[in-house]
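User: Could you take one part of this model and walk me through it closely? I'd like the cut-offs spelled out as you go.

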Amino acid sequence: MRKIVIMMSTLCVMFVSTASAQAQEWTPEQQVELFGYCEKPALIKQLKISEAIADRIGQIHHWARLTKIKIEANASDTFATAGEVEEEVVKKYKALSLSGDQVKALVERRKKSLSEPCEVITLVVNRNYDTIARPQLQLQFRNKFRRTLMDKLEVNGKQADMLIEAEVWKQKEALEIAKIPETDFERIRKTVGLYKELERKYGFIGITEQQKEGAKSIFKQAE
């Protein structure tokens, strides 16, 4: 299933597409890749677990997907229903020597991760910027956001300009990535790469995490 949320106003038309809603369309191998993009970092942060344990959890989820495929094809000799598979998933969690609270949190996260979108693979595209050249778009953003960035985030003029440059770059890159069909997994890889590069650009500006998040919030006005 593909999910496209379309928001329209008199000034802009924005498209938000997320591959999380399409998870059942991807191959098991691609879903392993998705786990690395979305769930793995979240699990490490929330549960305070090692990367190795997070990878083991990913392997458990991969096993569950393959087993459910066998059930659907009436080819499983061990499990008859998806519910039985989920019960076995919990047993496998416990075998990792996790605490009761960690297992409980994992079960809750698994329920949510099967339906909730993942920000790092969610592409936000403003089609109005497609016909505006980058220098003109940068000037437009400078006029609209420079003073707000300086006042609300307490950054200097150079930092505000660098934030604007990064945002304009993101907007234009998103338009290029949007040309890739949603059924092509490369679109997800490119989207992940976009956000990684954006974070790298933020790193050169010399701002705090709070200021970075504040800038993102301000720029959302443009979306």
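Analyst: Right where helix 7 begins, a side-chain oxygen of Asn-156 comes within 3.1 Å of the backbone nitrogen of Lys-158. That's a polar contact, meaning N or O atoms within 3.5 Å, one able to donate a hydrogen and the other to accept it, with sequence neighbours counted only if both atoms are side-chain atoms. Bear in mind that this is a predicted model, where local features need pLDDT of at least 70 and side-chain atom pairs 80 or more, while totals for chains, interfaces and linings use all residues. Residues are numbered from 1 along each chain as its sequence is written, and side-chain values use heavy atoms, without hydrogens or water.

Helices here are DSSP runs of H or I, at least four residues, numbered from the N terminus. Helix 7 covers residues 157–177, and its end C-alpha atoms sit 30 Å apart, which agrees with the 30 Å expected for 21 residues (1.5 Å times one less than the number of residues). The helix is largely enclosed by the rest of the structure, because 16 of its 21 residues are buried (under 20% relative accessible area, 1.4 Å probe, protein chains only).

One packing partner is helix 6, residues 134–153: the axes are 8 Å apart and the angle is about 135 degrees. Axes are lines fitted to C-alpha atoms over the stretch in contact, with angles from 0 to 180 degrees between N-to-C directions. The pair therefore counts as oblique, the class left over once under 35 (roughly parallel), over 145 (roughly antiparallel) and 65 to 115 degrees (roughly perpendicular) are taken out.

Note on methods. Helices (H or I, at least four residues) and strands (E, at least two) are DSSP runs, numbered from the N terminus. Buried means under 20% relative accessible area, exposed over 50%, partly exposed in between (1.4 Å probe, protein chains only).
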